[in-house]
Amino acid sequence: VQTCALPILVLTSTTTVTDVSNTYIHDLTFDHNIANNGLLPAGPNPLINWDATTDCNASVILYAGSKLRYERLEIKNASPGWSLVFGLSVTTGTIRDCYWSNIGDDPNHTAHDSSLIYSHAINGSIYICDNVMVSAGWNKPSACTAIETHNSKMIVSQNQITNFAHGIYVTGVDTSDDYNVIVSNNTIDGALDGIVLWSQPYPPWHVDGYGLRGVVVQNNTIRLCGYRPGATGYWMNGTPEGGIYINPDASGELDVCGLIIDGNYIYHPLENSIVVNNIASLCIGWRSGTEGASIIHCQISNNIVENFPMSVIRLACGINDIKIFGNQFINCGSSLTTGAPANYTWPIFIAPFATTIGINDLVIEHNSFFDDIATTRITSFYYLNNATATTSNFVIRDNVYHVTGAKGGGFRFWYPVAANVKPLINESIASCEAYIGLIQPVAVG
């Protein structure tokens with residue numbers, strides 16, 4: 001049992017890293033005794049400069065080697081920047097059956113960035129499975145991110161994450177495209193963000209191509225906390241929240257290819273009072289911050305989403321071959337906020353960010369929209385806007401719309417805002433009438 005704040009470091013010096021292949025660290029308890037080891041004010045970059053504020057709470061850091069294993073470790077009473085780390089020169093590694101508790105606060109309530117599991121094994125095959133991660137509580141200043149990865153050939157599965165602002169970061173911020181990534185069967189409770197994907201350059205090594213290429217996010221359960229009174233720091237009201245989405249970055253983004261988001265359950269508490277929702281919030285999709293970034297060969301299917309207040313699917317990026325099918329959206333677009341334009345709260349938001357890329361091969365079919373709020377808050381199911389770019393092979397067909405509550409005078413099926421967005425809408429008028437009253441698709445052009 002380790003009962004001090006210092007880390008275990010496996011390296012030879014600050015400039016040379018030893019290959020520690022076949023290292024097996026298991027069945028240990030690390031008690032960082034945070035109550036008697038308050039953090040000092042943060043340095044300029046504590047995660048890089050080994051500032052004592054955060055890295056003193058790391059447990060084990062392995063930089064190089066193969067067949068590395070962390071198993072059955074208990075880590076408690078800490079506020080680390082990193083806790084368990086695989087570095088750049090790790091080729092195969094496993095983090096399994098580890099348990100964290102009382103993480104993310106100290107007597108001085110120091111706020112800092114944090115990722116308990118941090119893997120940047122650029123040529124590695126990494127397995128992060130069956131871990132349990134519990135923070136010191138909702139709204140703690142450094143209960144930031146449970147798992148953060150920067151590598152290919154990776155499985156993140158069957159982890160239980162409770163009361164971290166961000167559950168899992170899967171990043172395409174690496175020396176090459178990150179590919180063959182599976183994120184499945186994880187349970188995330190009490191987060192603002194469930195699973196966040198990043199697809200950005202990593203100069204000077206990787207500045208073109210794809211950030212993420214071949215990623216499956218499947219069968220995860222995400223229960224978001226929603227905004228709460230008194231929230232601060234990472235939890236502050238107005239901070240963007242989301243289910244499974246690609247993080248926007250105005251400084252630069254790379255295209256995403258081969259993304260499958262399938263079979264996930266995402267729950268958000270139904271808003272019963274006005275809160276300040278951030279216009280960047282979305283449940284599934286990409287609000288691109290870069291001219292020209294596109295998502296290619298993507299599938300969003302068989303997900304169930306309840307009560308997400310803003311757009312349940314938002315694609316503000318280039319679109320090339322995307323299928324959206326088999327999803328159930330229950331009381332989504334139900335925000336009471338007065339701080340966001342109405343179209344950011346409509347369930348489906350399709351609007352490429354750029355004027356030079358468009359909508360090519362987008363099919364929205366066999367989805368179900370349910371709304372049983374006494375007076376529906378939806379004024380439109382779809383926001384479709386392609387600015388000046390081209391649209392081809394865009395189809396909306398065979399979806400079900402079931403609204404049982406009273407509807408306002410402005411309620412409509414979809415909202416056309418650009419003459420060049422001309423999807424083939426093949427919904428049954430009789431079906432639409434049966435479910436949403438005398439509301440018919442609006443013709444465009």
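A cavity here is a set of grid points where a 1.4 Å probe fits but cannot get out. Keep that in mind as we look inside this structure, which is a predicted model.

**Cavities**

Counting cavities of 30 Å³ or more gives two. The largest has a volume of about 40 Å³. Around it sit Phe329, Asn331, Cys332, Pro347, Phe369, Phe370, Asp371, Ile378 and Phe381. Strand S33 (residues 368-371) gives the most to this lining, with three residues. Sorted by class, the lining has seven nonpolar residues, one polar and one charged.

Now for the second largest cavity, which holds about 30 Å³ of space. Its lining is made by Ile246, Leu259, Ile261, Gly285, Ile295, Cys298, Ile300 and Leu315. Two elements give two or more residues each: strand S23 (255-262) and strand S26 (294-301). S26 gives the most, with three residues. This lining has seven nonpolar residues, one polar and no charged ones.

**Salt bridges**

Side chains of opposite charge can pair when their charged atoms come close. In this model, the count of salt bridges is eight. Here are three of them:

| Pair | Closest N to O distance |
|---|---|
| aspartate 130 and arginine 96 | 2.8 Å |
| aspartate 189 and arginine 223 | 2.9 Å |
| arginine 397 and glutamate 365 | 2.7 Å |

Let's take the pair of aspartate 189 and arginine 223, joined by a salt bridge. Aspartate 189 belongs to strand S18 (residues 187-191) and arginine 223 to strand S21 (residues 221-224), so their pairing ties together parts that are 34 residues apart in sequence. Aspartate 189 is partly exposed, at 24% relative accessible area, and arginine 223 is partly exposed too, at 36%.

Next, the salt bridge between arginine 397 and glutamate 365 links distant parts of the chain: arginine 397 is in strand S35 (residues 391-397) and glutamate 365 in strand S32 (residues 359-365), 32 residues apart. Is glutamate 365 buried or exposed? Its relative accessibility is 16%, and buried means under 20%, so glutamate 365 counts as buried. Its partner, arginine 397, is partly exposed at 29%.

**A residue on the outside**

Finally, have a look at asparagine 272, in the loop between strand S24 (265-267) and strand S25 (282-287). With a relative accessible area of 68%, asparagine 272 is exposed. Find serine 335 as well: along the chain, asparagine 272 and serine 335 are 63 residues apart, while their C-alpha atoms are separated by 8.9 Å.

Technical notes. Residues numbered from 1 in each chain as written. Predicted model: local features only at pLDDT ≥ 70, side-chain atom pairs only at ≥ 80, totals over all residues. Heavy atoms only, no water. 1 Å grid on protein atoms, 1.4 Å probe; cavity = no way out; pocket = protein on both sides within 12 Å on 5 of 7 lines; lining within 4 Å. Points joined across faces, edges and corners; volume = space filled by probe spheres on them. Helix = DSSP H or I, 4+ residues; strand = E, 2+ residues; numbered from the N terminus. Nonpolar A, V, L, I, M, F, W, Y, C, P; charged D, E, K, R; others polar. Buried < 20%, exposed > 50% of the residue type's maximum accessible area, 1.4 Å probe, protein only. Salt bridge = Lys/Arg side-chain N within 4 Å of Asp/Glu carboxyl O.
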